[in-house]
Amino acid sequence: MREIASVSRRDFLQRTGVAAVGAALGATALGMVACSDGSSLAETSAGLEDSWDREADVVVVGFGGAGACAAIAAADAGASVVLLEKCAEADHLCNTLMSGGIFHSPDPDGDPEALKQYLRGMFSGENLDTKYEGEQSPLFVDEIVEKFAEYEPKNAEFMQSLDPEFNIIERGGAAFPDFPGAEASGYKSYNSSYGKSATGPKFPTIDMPKEDTAVGLAFFNCLKTGVADRADAIEVVYETPGKKLIQNENGEVIGIVALQGENEVRIKAKRGVILTTGGFEYNEEMRRAFLEGEGITGWGFYGTLSNEGDGIRMGCEIGAQLAKVGKAASRLIWACPDVTKNNCMVGSITDSVGGAGTIVVNAEGRRFMNETLITKDPSRYFSYKNAVHMDIEKLQFPNNPSYMIIDETKRTSGPLVNLTLSTCGFGIIPWDEDNQTAIDNGWLIKADTIEELAQKIRDGHPQNMARMDPAVLVETMNAYRKMVDTGVDEEFGRTSKSKDPITGEEVDKGFQPISTPPFYAMPLVAGGPNTKGGLQTDGNRHVVNWGNEVIPRLYSAGEMSSALKFVYQGGGNVTECIVCGRIAGENAAAEQPWDAE
């Protein structure tokens, strides 16, 4: 399969438009391991084990949070490490860096058995009274829970050991208080910072002074410090995406073929390979194959643009088992029609949704849910289920797209998207503090009356497909006025209280009128930071095949093999970067070299 180079931030700022078209996903991505000449990938490596361009004990593929933690753990266990990254160093915007930097670290003095119960609820759910079947394979769930419970309470200690200047700010506890073990587990989550602020500056840059950073940029700066301090053991190689795993005749993964420009390089892994390449957000064929609803136009993502399912594809090519591939940490977000990658719109954190002075309507102009559930924890990361709902009588997706309706008061009160992190914060999508750029580019639909707004949506927004009914939207807004007057949402039970998605603080904003013209509609689709399904692993992060057998010397961590298969608490993916990365790194380093005399 031909690998398409990732589009850099600089390219986006220069072009602010359509990015390169993705390569087609061939039959190998479905687990077929035959090569074009009929031989297997393992057979093609036979006799070539001594033909290498470089080597290390452990090769880690993907320098995000999981890859960094895996490399650090492997190095601390005495292994030499080559850490491959597909992006250029100057444009290295991984998901961890672009994230909110929230991570979980339960109280070490909490009840360990209660912690296992709480984790089992999030990971699989078979211990809940309302769930008959677990989301995780019963063959692996016990070990996954056991290992996670062993490592997770040490997360804060691990991070602060990498850089004493790194500051953690306690944020909250268990997001699912009714789950078994929630209280006794001592569950805690933290914000990341190099100061006292939990939010950080607007429009951050990769190279800004470390002491000024917070959220995901601070978290990743801490990991980069840990990697840099181990430069004698960890070699970071940028602009070198992984292409194909190499197996020997015994089925062991003994190395990887990577690309440097158009040239292939063969990297020997004497002990093991760890795949940490993230999800498949910008792989067009995987989105179409695995995501619910309308996988291309009905979704947007606001993480790194380099997540193209590379590791998932490489694993499938040698027979790796897949697990809940369509799972995504997602809600309802705005996605930019003018900034795309591989024919997919790039989205943004749209944390204004559900706030004071906003309502959300479907393609016909009707409210369909309590809007605060879109952005409050924990429902914000599976509220996308309402966006992909299918009307089985009309055979339509009535909530795709949806629209956030606001007025001029709301528009001028602050940015509608997050400018401290993610795609708008780092300039992948241009956005200004008063939202004027969005108006100038037509990303916000503007009108002097609600009826005119509905007409413009119906006649001018292609994804609406003429479904918006002006009379219905006018009626919806009249009902909202009554809700403002009474403070009661009789239809969906929305309240005026909400939690800040970063700080976790509860605020009472009150119902705010939407009455000052002009009025605006912001289109919304399903989306979030990342997908979180992919390769099946056991608790030790070995990748397993469809026969439930370990693929020797192959490990995985991070979003491409997420443990969070049922529900998601904010910061969960960053958390498993620390936990699963360390587990994978330690176990890969403990392998005996396959080439030992």
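The following dialogue concerns the cavities of a predicted model and one residue, Thr-276, beside the second largest of them.

Student: How many cavities of 30 Å³ or more does a search of the whole structure find?

Tutor: Rolling a probe the size of a water molecule over the atoms shows where empty space is left. In this predicted model, the search finds seven such cavities. The largest holds about 360 Å³ of space.

Student: Which residues line the largest cavity?

Tutor: The lining has 27 residues, and those closest to the centre are Ser-99, Gly-100, Tyr-302, Tyr-381 and Pro-529. Helix H4 (95-98), strand S19 (519-531) and helix H17 (572-590) each contribute at least two residues. By class, the lining comprises twelve nonpolar, eleven polar and four charged residues.

Student: What is the volume of the second largest cavity, and which residues lie nearest its centre?

Tutor: Its volume is about 300 Å³. Of its 28 lining residues, Gly-62, Thr-276, Thr-277, Gly-278 and Asn-307 lie nearest the centre. This lining divides into nine nonpolar, 15 polar and four charged residues. Helix H3 (65-76), H4 and helix H10 (310-317) each supply at least two of them.

Student: Where is Thr-276 placed, and is Thr-276 buried or exposed?

Tutor: Thr-276 sits in the loop between strand S9 (263-275) and helix H9 (284-290). Thr-276 counts as buried because its relative accessibility is 8%, and the cut-off for buried is under 20%.

Student: Which residues are in contact with Thr-276, leaving aside neighbours within four places in sequence?

Tutor: Among them are Val-60, Gly-62, Ala-66 and Met-560. A polar atom of the Thr-276 side chain lies 2.8 Å from the backbone oxygen of Gly-62. The C-alpha atom of Gly-581, 305 residues away along the chain, is 8.2 Å from that of Thr-276.

Methods:
Residues numbered from 1 in each chain as written. Predicted model: local features only at pLDDT ≥ 70, side-chain atom pairs only at ≥ 80, totals over all residues. Heavy atoms only, no water. 1 Å grid on protein atoms, 1.4 Å probe; cavity = no way out; pocket = protein on both sides within 12 Å on 5 of 7 lines; lining within 4 Å. Points joined across faces, edges and corners; volume = space filled by probe spheres on them. Helix = DSSP H or I, 4+ residues; strand = E, 2+ residues; numbered from the N terminus. Nonpolar A, V, L, I, M, F, W, Y, C, P; charged D, E, K, R; others polar. Buried < 20%, exposed > 50% of the residue type's maximum accessible area, 1.4 Å probe, protein only. Contact = heavy atoms within 4.5 Å. Polar contact = N/O pair within 3.5 Å; in protein donor to acceptor, adjacent residues only side chain to side chain.
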